[in-house]
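Biologist: Can you walk me through this one? I'd like to start in the middle of the sheet and end at the ligand.

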Amino acid sequence: MTSPYRSIVVLTGAGISAESGIQTFRASDGLWENHRVEDVATPEGFASNPVIVHQFYNGRRHQLQQPHIRPNPAHSALARLEYEMSQRPDHKFLLVTQNIDNLHERAGSRELVHMHGELLKIRCAESGLIFEHRDNLQVGDECRCCRVPGNLRPHVVWFGEMPLEMPRITRALDECDLFLSIGTSGNVYPAAGFYESAKSSGAHTVELNLDPTHSHFDEHIYGQASEIVPAFVDRVIRQLDPLT
Ligand code: OAD
């Protein structure tokens, strides 16, 4: 019998990094409880008060680089699933994350899209050039490409801006036969609509989350990501074509 799964798309959200010590957005102690989205996550907020915006992302950038912030077994399981898919001819895998942390890549994921940007990168608002950046960013910092102070901004997607690499994501959703949504509340589009696109491509859709959301997946698995994701990945790997 051949495997039903030849093309897998996985969407992750803040819940997969919660057990690594990174706050989610919409929990009672989440990031959006203490910050107004309009102030720190919109182009208008940045235009009217860049100091607050830089403070917010500087704090998060600093936290991400603390030694205790590490990938957890859920991140590692997805890297393992990607590896297993890569060992089989004509199998495809894409991990799409809404997270701006770097825990997926640190766990070994490579076929990865950061649709909401990356915390450890900044970019020039004029040229669009992207730079690695691990330190604080201040309003007056001179841009590395145009030398203009104030042109640099976090390389994150704010509300009202277009998520990154949408054509690649759409292509993968069009041809996937398994779609997993992990640790996301399904509040933010377009990501919240991916499972419907996958369904219309005929994919089996599975939600793995701590709490039920309002989305109608074919299968729901509730629990801590560090427990349910490795167990589910083991199940999928057992169903893949045997290695020859
Ligand atoms: P949310 O904070 O909205 O949702 C996190 C989800 O993870 C919730 O449904 C939780 O139940 C679940 N969760 C929490 N801990 C978990 C655990 N240990 N294991 C499994 N699940 C767990 O975060 P996102 O859905 O990622 O966008 O938010 C989506 C987008 O909204 C973010 O990318 C960000 C935000 O505004 C931008 O900033 C553009």
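Modeller: What follows covers one strand, its neighbours, the nonpolar cores and the ligand contacts.
Modeller: This is a predicted model, where local features need pLDDT of at least 70, side-chain atom pairs count only at pLDDT 80 or more, and totals for chains, interfaces and linings use all residues. Residues are numbered from 1 along each chain as its sequence is written, and side-chain values use heavy atoms, with hydrogens and water left out.

Biologist: Strand β7, then: how many of its residues are buried?

Modeller: In β7, residues 178-182, 5 of 5 are buried. Buried means under 20% relative accessible area, with a 1.4 Å probe and protein chains only. Strands are DSSP runs of E, at least two residues, and helices are runs of H or I, at least four, numbered from the N terminus.

Biologist: Which residues sit on each side of β7?

Modeller: Leu178, Leu180 and Ile182 are on one side, with Phe179 and Ser181 on the other.

Biologist: Which strands does β7 pair with?

Modeller: β1 (residues 7-12) pairs with β7 in the parallel sense over 5 bridges, and Ile8 is opposite Leu178. β8 (residues 204-209) also pairs with β7 in the parallel sense, over 5 bridges; there Leu180 faces Val206. Pairing requires at least two DSSP bridges between the strands.

Biologist: What do β7, α9 and β8 make together?

Modeller: With helix α9 (residues 194-200) they form a right-handed β-α-β unit. Right-handed means that, with the strands pointing away from the viewer, the path from the first strand over the helix to the second runs clockwise.

Biologist: Core next. Which residues have the most contacts inside the largest one?

Modeller: Ile8 and Val229, in a nonpolar core of 26 residues. Such a core is a set of buried Ala, Val, Leu, Ile, Met, Phe, Trp, Tyr and Cys residues joined through side-chain atoms within 4.5 Å.

Biologist: Which element gives the most to that core?

Modeller: α10, with 7 residues.

Biologist: And what does Val229 touch?

Modeller: Not counting residues up to four places away in sequence, Val229 touches Ala74, Ala77, Leu78, Ile182 and Leu208. Contact is heavy atoms within 4.5 Å.

Biologist: Switching to the ligand. Which residues come nearest?

Modeller: Arg26, Thr184, Ser185, Asp211 and Gln224, of 23 residues around the ligand. Around it is a heavy atom within 4 Å.

Biologist: What distances do its oxygen atoms have to Arg26, Asn209 and Gln98?

Modeller: A ligand oxygen is 2.6 Å from a side-chain N or O atom of Arg26. For the side chain of Asn209 the distance from a ligand oxygen to an N or O atom is 2.9 Å. At Gln98 the partner is a polar backbone atom, 3.2 Å from a ligand oxygen.

Conventions. Buried means under 20% relative accessible area, exposed over 50%, partly exposed in between (1.4 Å probe, protein chains only). A polar contact is a pair of N or O atoms within 3.5 Å; within protein, one must be able to donate a hydrogen and the other to accept it, and residues adjacent in sequence count only if both atoms are side-chain atoms.
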